[in-house]
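Got your viewer open? Let's walk along this model together, one selection at a time.

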Amino acid sequence: MAKADYLTPAKSYYLTIAKAYYLTMAQACYFTMAKAYYLTMAKAYYFTMAKAYYLTMAKVYYITMAKAYYLTVEKAYYLTMAKAYYFTMAKAYYFTMAKAYYFTMAKAYYLTMAKSTISQ
């Protein structure tokens, strides 16, 4: 048998094996690398986006809620309190003033009338 008879099948066999091996290895390596890279990138991207989104939404929501709450509830509370306070104060003040005024006027009138009656 000639040397070529042994070399051609062996060459063909080892080239096929080497090709299959390196293609499989390269494919596994690049697939693993690409998977790791894209999973890491996607995770980082979506985590950052979700964090930004939810922080913004939460901020907007809580600011809106707090604003609405304080504008409605606190406004109602302070208006009611102020109204009650000023109404009570005004009532007490004017009642006291009127009482003092009319008591003084009546006293002066009746004293004057009494003096006038006595002096006649």
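Start with the whole chain in view. A compact globule of 120 residues would have a radius of gyration near 14 Å, but this chain comes out at 50 Å. Keep in mind that you're looking at a predicted model. Turn on the C-alpha trace and line it up with its principal axes: the span is about 175 × 10 × 10 Å.

Now switch to cartoon. How many helices and strands are there in the chain? You'll find one helix and zero strands. That helix is α1, and it covers residues 3–119.

Next, put a surface on everything. The accessible surface of the chain comes to about 11,700 Å², and 73% of that belongs to carbon and sulfur atoms. What share of the 120 residues is buried? The answer is 0%. To count as buried, a residue has to be under 20% relative accessible area, so keep that cut-off in mind for the stops below.

**Stop one: a patch around Tyr 13**

Select Tyr 13, Tyr 14 and Ile 17. Together they make a nonpolar surface patch of about 360 Å². Click on Tyr 13 by itself and you're in helix α1. Tyr 13 counts as partly exposed because its relative accessibility is 49%, and the exposed class needs over 50%.

**Stop two: the annotated stretches**

Colour residues 20–40, 52–72 and 92–111. An unreviewed UniProt entry lists these under "transmembrane region". Zoom in on residues 20–40 and you'll see 100% helix and 0% strand, with the end C-alpha atoms 30 Å apart. Jump over to residues 92–111: again 100% helix and 0% strand, this time with 28 Å between the end C-alpha atoms.

**Stop three: tyrosine neighbours**

Show the aromatic side chains. A search of the whole structure turns up 12 aromatic pairs. One of them is Tyr 21 with Tyr 22: the ring centres are 5.0 Å apart and the planes sit at 80°, so this pair is edge-to-face. The angle settles it, because planes over 60 degrees apart count as edge-to-face. Are these two exposed or partly exposed? Tyr 21 counts as partly exposed at 47% relative accessibility, whereas Tyr 22 is exposed, with a relative accessible area of 57%.

Now select Tyr 45 and Tyr 46. They form an edge-to-face aromatic pair as well, at 5.0 Å centre to centre with 80° between the planes. Tyr 45 counts as partly exposed, at 47% relative accessibility. Tyr 46 has a relative accessible area of 54%, so Tyr 46 is exposed.

**Stop four: Tyr 86**

Move along to Tyr 86, which also has its place in helix α1. The side chain is worth displaying: Tyr 86 is exposed, with a relative accessible area of 56%. Then draw a distance from the C-alpha atom of Tyr 86 to that of Thr 16. The two residues are 70 apart along the chain, and their C-alpha atoms are separated by 100 Å.

**Last stop: Ala 114**

Finish at Ala 114, another residue of helix α1. Is Ala 114 partly exposed or buried? Its relative accessibility is 34%, so Ala 114 counts as partly exposed. For one more distance, run a line back to Phe 31: the two residues are 83 apart along the chain, with 119 Å between their C-alpha atoms.

Conventions
Residues are numbered from 1 along each chain as its sequence is written. Side-chain values use heavy atoms; hydrogens and water are left out. UniProt positions are given in the numbering used here, feature names are shortened, and annotations may be inferred rather than shown by experiment. Helices (H or I, at least four residues) and strands (E, at least two) are DSSP runs, numbered from the N terminus. Patches are made of residues with over 30% relative accessible area and no salt bridge: like charges are joined within 9 Å, nonpolar side chains (Val, Leu, Ile, Met, Phe, Trp, Tyr) within 5 Å. Accessible areas come from the Shrake-Rupley method with a 1.4 Å probe; for residues, only the protein chains shown count as cover. A salt bridge is a side-chain nitrogen of Lys or Arg within 4 Å of a carboxyl oxygen of Asp or Glu. Buried means under 20% relative accessible area, exposed over 50%, partly exposed in between (1.4 Å probe, protein chains only). The radius of gyration is taken over C-alpha atoms; the globule rule is 2.2 Å times the number of residues to the power 0.38. Rings of Phe, Tyr and Trp (its six-membered ring) pair if their centres lie within 6.5 Å; planes under 30 degrees apart count as stacked, over 60 as edge-to-face and the rest as tilted.
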